[in-house]
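Please find below a colleague's note on this structure, written for someone who is looking at it for the first time. The points are best read with the structure in view.

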Amino acid sequence: MAAVLGSGEVCSKMAAQASRLVRTGGVRFYNARPLRRQLGGVYRPDPADPKTPAWQLTGAYETKLFGRYGAASGVDPARLWPSPAQLKEMEEDERAWCPSLRDMVERLDAKEREADAKAREREELIASKMAKMPQMIAEWQQEKALKKAKELEEKERRQRLLAEARERFGYNLDHRSPQFQEMMQEMEKTRRKEQKLLKKKRREESLVKRAMEGAAVASVPTKHEEVATTEAPHHQVAQTTDSS
């Protein structure tokens with residue numbers, strides 16, 4: 001029976017709350033706690049007390065006291081104004097974080113000009129690259145052909161060397177074997193010696209050719225010698241005529 005009565009009371013409370021919500025338009029009001037009264041007056045930190053927190057001795061705390069209690073705080077409002085250095089710093093921060101409309105428009109225009117310049121530069125670069133594309137493709141094809149020809153030449157050279165090694169040793173050799181490497185060194189020495197002899201022979205032939213050209217030039221008479229040789233018989237004929 002008690003349980004039934006308890007549930008009935010709960011239901012009646014819920015019904016009363018529901019009816020109250022309906023009367024207030026479905027809004028549930030909140031009753032805030034009242035502010036505590038400071039019976040001791042305004043708290044003023046004592047700078048001489050070592051237990052006073054450091055943050056209570058700052059100008060920000062005095063500003064907070066004056067803003068809350070006004071003249072009753074005992075704070076001189078003249079001390080709350082910023083110093084010239086602080087005012088200059090505040091102005092710089094304001095210019096940095098809150099620029100004027102003109103400054104913002106100029107910055108936006110500068111960014112747009114920079115973006116346009118970069119876009120034009122990129123377009124010019126693409127156009128120049130596209131203009132050089134046929135030449136680059138031709139050079140790439142030529143380089144590829146030269147590389148292929150070099151690889152083919154190297155392959156033929158290796159096969160030729162392997163064939164020579166097989167003829168010398170009587171069996172196939174691996175191009176990584178010490179015997180093959182030794183044969184390569186001997187052939188390289190022989191090739192260098194042949195190139196040196198060929199170079200010496202060409203130098204000697206060049207010296208001989210120069211000497212022959214110098215002798216041929218020396219045997220050809222000059223223009224003055226030809227004139228003197230031509231005038232000599234005429235002079236002799238004139239002398240003979242005079243004597244007769």
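The numbered points below go from the whole chain to single helices and side chains.

1. The model is a predicted one, and this should be kept in mind with every value below. The protein chain contains six helices and zero strands, so that, read along the sequence, its pattern is α-α-α-α-α-α.

2. As to the chain as a whole, buried residues make up 7% of its 244 residues. The accessible surface comes to about 22,800 Å², and carbon and sulfur atoms account for 57% of that surface. Among the contacts with a separation of 6 or more, 15% are between residues 24 or more positions apart in the chain.

3. Which residues of helix 2 are buried? In this helix, which spans residues 59–69, they are Tyr 61, Glu 62 and Leu 65. Because these residues cover an arc of only 100 degrees around the axis, they sit on the same side of helix 2. The face turned away from that buried side carries the exposed residues Ala 60 and Gly 67. Just after helix 2 comes Gly 70, which takes a positive phi of about 70 degrees.

4. Gln 56 deserves a separate look, since its place is in the loop between helix 1 (2–23) and helix 2. Is Gln 56 buried or exposed? Its relative accessible area is 10%, and because the limit for a buried residue is under 20%, Gln 56 counts as buried. Leaving aside residues up to four places away in sequence, Gln 56 touches Tyr 43, Pro 45 and Tyr 61. Of these contacts, Tyr 61 is also one of the buried residues of helix 2.

5. How many salt bridges does the structure hold? There are three. One of them joins the side chains of Glu 62 and Arg 79, at 3.3 Å from N to O. Because Glu 62 belongs to helix 2 while Arg 79 lies in the loop between helix 2 and helix 3 (84–97), this pair ties together parts that are 17 residues apart in sequence. Glu 62 is also among the buried residues of helix 2.

6. Another salt bridge is formed by the side chains of Glu 114 and Lys 118, with 3.6 Å from N to O. Both residues lie in helix 4, where they are four residues apart, or about one turn of the helix. An α-helix has 3.6 residues a turn, so residues three or four places apart point the same way. Glu 114 counts as partly exposed at 46% relative accessibility, whereas Lys 118, at 53%, counts as exposed.

7. Glu 154 forms a salt bridge with Arg 157, and the closest N and O atoms of this pair are 3.4 Å apart. The two residues are three residues apart in helix 4, which means that about one helical turn separates them. Glu 154 has a relative accessibility of 38% and counts as partly exposed, and Arg 157, at 30%, counts as partly exposed as well.

8. Where does helix 4 bend? This helix, which covers residues 101–169, bends by about 45 degrees at Met 133, and a proline, Pro 134, follows within four residues. Just after helix 4, Gly 170 takes a positive phi of about 85 degrees.

9. Met 133 is also a member of a nonpolar patch on the surface, which it forms together with Ile 126, Met 130, Ile 137 and Trp 140. Together these residues have about 480 Å² of accessible area. Ile 137, one of the members, has its place in helix 4 and is partly exposed, with a relative accessible area of 38%. A reader following helix 4 will thus find in Met 133 both the site of the bend and a part of the nonpolar patch.

How values were computed:
Residues are numbered from 1 along each chain as its sequence is written. This is a predicted model: local features need pLDDT of at least 70, side-chain atom pairs count only at pLDDT 80 or more; totals for chains, interfaces and linings use all residues. Side-chain values use heavy atoms; hydrogens and water are left out. Buried means under 20% relative accessible area, exposed over 50%, partly exposed in between (1.4 Å probe, protein chains only). The arc is that of the directions from the helix axis to the C-beta atoms. The bend at a residue is the angle between axes fitted to the seven residues ending there and the seven starting there. Contact means heavy atoms within 4.5 Å. A salt bridge is a side-chain nitrogen of Lys or Arg within 4 Å of a carboxyl oxygen of Asp or Glu. Patches are made of residues with over 30% relative accessible area and no salt bridge: like charges are joined within 9 Å, nonpolar side chains (Val, Leu, Ile, Met, Phe, Trp, Tyr) within 5 Å. Accessible areas come from the Shrake-Rupley method with a 1.4 Å probe; for residues, only the protein chains shown count as cover.
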